[in-house]
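Trainee: Could you pick one part of this model and take me through it slowly? I'd also like to hear how the parts around it tie in.

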Amino acid sequence: MNAFYHSSPISYVEAVVQETKKAVISYVFSKSALITPGAAEILSSTPDFRSIVDEALSRGHFFITEDIVKSILAEREEKEEAETSESIPLQERTEVGEKEVIVLKTRFKPIAKEYEANIRFFEEYDVTGKSYCEGTVDDFIRYFRDRFERLRSILRKRPNTDIRPISRLDRVSTGQEIHVIGMVYDVRESKKGHLILEIEDEEERTTLVVPKDSEIRRKAKYILPDDVLLFKVVRTSGGLYVVRDFFWPDVEEHTPHYADVDLAVAITSDWHVGSRLFIEKALKKFIDWLHGRVGNERLKELAGKVKYVIVNGDVVDGVGVYPSQIDELVIKDIEKQYEAAAQYIAEMPDWVEVLVNPGNHDAVRRLEPQPALSKEVAYALYELDNVHMLGSPTYYALERVEFLVYHGTSMDEVISRVPGLDYAEPEKALEEFLRRRHLVPTYGVKQPIVPERRDYMLIERVPDVFACGHVHKNGYRKYKGVRLVVSGTFQEQTPFQLEMGHIPTPGVIPILTLSDLAIHQLKVYNGGNNGTR
Ligand SMILES: [Fe+2]
């Protein structure tokens with residue numbers, strides 16, 4: 001069956017809607033179905049039109065009319081209402097989920113309103129206002145030296161080691177076991193299957209061998225270029241240095257801080273305001289929830305605890321981030337995108353503090369570390385009293401609980417390099433960052449770093465909570481006592497994600513209670529082909 005579409009005079013329709021309508025029609029066409037102009041009109045202002053078309057087809061409607069679309073939309077609306085009233089406790093059963101909570105049905109009384117904000121910014125870990133780099137060769141040398149020295153000092157704390165500089169390795173006798181610290185310059189496999197590592201310190205370079213049939217060969221496949229490692233090596237009679245074991249700087253088992261007040265933080269990212277795929281109704285529902293306007297009593301009680309909202313980058317979709325992005329935008333002016341974002345924040349309760357840092361779509365240098373958004377472009381956000389503008393990465397404590405917040409752009413690189421990682425479980429990438437004590441383990445073409453005097457991407461202070469965004473897929477994990485959180489998005493699946501097979505989880509917000517670091521997952525959106533239905 002061929003698709004057809006009766007065009008009608010539509011001069012009054014905005015150009016944007018026209019574009020989406022074309023997309024609707026071509027999608028229906030690709031499914032060999034028919035659609036009426038009225039139905040196409042409604043779907044052109046519905047970001048998740050594909051799933052509605054799919055649903056109509058699955059119900060056997062190959063001629064999609066206005067009535068069919070309206071009835072599917074109405075059903076979804078109803079289902080969403082029901083969904084918002086359920087929080088989905090993850091991993092551990094949370095206090096709110098487990099205990100019998102007797103809540104009197106009275107007016108919404110947010111406990112967060114009764115407390116002053118208690119935020120401590122660790123400015124030494126944020127590049128904002130401190131970027132002195134000129135990108136000279138000297139800058140790079142100084143940068144890598146700083147990175148090496150600081151990671152080496154972490155590795156040196158490891159007990160029972162006999163560490164020698166590379167320049168003294170030739171004094172080691174045959175059969176003697178010693179330790180050496182080096183940055184991995186190159187990793188390759190020899191013809192016989194051994195792993196050959198070239199490592200260097202600030203003075204010299206040397207070659208180490210990981211034998212193919214050794215116990216540590218499996219672990220060694222996770223070694224990345226630029227890793228700084230502590231190797232236990234033995235010198236063979238042939239003058240080779242064979243690796244017996246090796247260690248990443250890693251974090252030790254961590255005892256987190258807990259708040260002594262019962263407040264919470266909503267961790268969001270990737271709003272992508274300005275994109276035609278931005279799901280405004282999901283963000284508005286979240287704001288309604290913060291006000292205690294939606295949800296059951298249990299959820300309202302949780303909403304009342306939210307004192308802080310984190311917006312971890314990609315606040316807006318940006319302009320010119322990739323070729324032909326202009327076709328994907330409903331707000332094509334960057335300042336207006338930030339004005340719109342600021343408007344949503346202004347609609348949040350006035351007792352909430354909002355912490356904003358940039359991502360790769362925002363109007364600030366794309367290279368990391370990223371300073372806070374500029375006052376010239378994002379003035380609308382600076383005008384709000386309860387908004388704190390920070391860099392990425394950044395570090396702060398909320399009610400004593402320490403947060404490392406990084407947009408997560410380098411997750412793409414780590415996921416592609418580390419065996420066994422994929423976008424379905426992005427939280428595992430955070431574990432790799434912590435193991436290496438670095439947010440951009442491999443300096444590369446995809447993810448160049450600005451060689452600042454100090455390496456801001458290095459994880460020196462172990463946080464209680466480590467939050468990333470970027471991948472548009474929620475994920476949670478604990479690693480050695482550190483709570484890992486990958487927040488989701490307020491954007492539908494993009495054509496790029498569709499092509500790459502990435503399934504986002506829009507409208508799912510982790511709410512972290514600060515007294516126990518438990519995650520309560522809030523779902524404010526049920527549409528889209530997002531795998532969360
Ligand atoms: Fe994003």
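Mentor: Let's start with one sheet, follow what leads into it and what packs on it, and then step outward.

First, a caution: this is a predicted model. The protein chain holds 14 helices and 21 strands, and 43% of its 533 residues are buried. Of the contacts between residues at least 6 apart in sequence, 72% join residues at least 24 apart.

Now the sheet. It is open and built from six strands, in the order S4-S15-S16-S17-S19-S18, with mixed pairing. At the edges sit S4 (119-121) and S18 (475-479), each pairing on one side only. On average, neighbouring strands here are turned by 20 degrees against each other, direction ignored.

Look at the S4 end. S4 and S15 (residues 394-398) pair antiparallel over three bridges, and Ile 119 stands opposite Leu 398 in S15. As for what holds such strands together in general, strands of a sheet pair through backbone hydrogen bonds.

S15 has something to check on both sides of it. In the loop between S14 and S15 you'll find Pro 393, and the peptide bond from Ser 392 to Pro 393 is cis, with omega near 5 degrees. In the loop between S15 and S16 (401-405) there is Arg 400. That arginine has a positive phi of about 80 degrees, although it is not a glycine. Both are worth a glance because most residues other than glycine have a negative phi, and most peptide bonds are trans. Is Arg 400 buried, partly exposed or exposed? It has 15 other C-beta atoms within 10 Å, and buried would take 20 or more while exposed would take 12 or fewer, so Arg 400 counts as partly exposed.

Next, the S18 end and the helix against it. H13 (residues 427-436) is mostly covered, with 10 of its 10 residues buried. The buried set isn't just greasy side chains: among them are Leu 430, Phe 433 and Leu 434, but also Lys 428, Glu 431, Arg 435 and Arg 436. Three strands of our sheet, S17 (465-468), S18 and S19 (482-486), are packed against by the buried residues of H13, and so is helix H12 (411-417). Right after H13 comes Arg 437, whose phi is positive, near 50 degrees.

Let's step back along the chain to S14 (387-389). Together with S13 (353-357) and H11 (379-382), S14 is part of what covers the buried residues of H10. H10 itself (residues 334-346) has 13 residues and reaches 18 Å from first C-alpha to last, close to the 18 Å expected at 1.5 Å a residue. Its buried residues are Gln 337, Tyr 338, Ala 340, Ala 341, Ala 342 and Ile 345. Between S13 and H11 runs a loop that contains Pro 369, and the bond joining Glu 368 to that proline is another cis peptide, with omega about 0 degrees.

Ala 341 of H10 also takes us into the interior. The largest nonpolar core has 119 residues, and Ala 341 is listed with Val 265, Val 306 and Leu 512 as having the most contacts inside it. H8 (residues 280-290) gives the most to this core, with six residues. The core draws at least three residues from each of domain 2 (108-132 + 253-523) and domain 3 (156-247). For a feel of the packing, take Val 306: leaving aside neighbours within four places in sequence, its contacts are Ala 112, Ala 264, Val 265, Ala 266, Leu 290, Val 352 and Ile 511. A second, separate core of 12 residues includes Ala 40, Val 53, Ala 56 and Ile 64.

Last stop: some other strands. S6 (residues 177-189) pairs antiparallel with S9 over seven bridges, and His 179 has Lys 232 in S9 as its bridge partner. S9 is also joined to S10 (residues 241-247) by six bridges, again antiparallel, with Val 234 opposite Val 242. S9 and S10 make a hairpin with five residues between them, and Gly 239 in that turn has a positive phi of about 85 degrees. In the loop between H7 (217-220) and S9 (228-235) lies Asp 226, whose phi is near 80 degrees, positive in a residue other than glycine. Asp 226 has 17 C-beta neighbours inside 10 Å, so it counts as partly exposed.

Note on methods:
Residues numbered from 1 in each chain as written. Predicted model: local features only at pLDDT ≥ 70, side-chain atom pairs only at ≥ 80, totals over all residues. Helix = DSSP H or I, 4+ residues; strand = E, 2+ residues; numbered from the N terminus. Expected span 1.5 Å × (residues − 1). Contact = placed C-beta atoms within 7 Å. Pairing = 2+ DSSP bridges. Axes fitted to C-alpha atoms, helices over the stretch in contact; angles between N-to-C directions. Core = buried A, V, L, I, M, F, W, Y, C linked by C-beta atoms within 7 Å. Domains from an automatic or database assignment.
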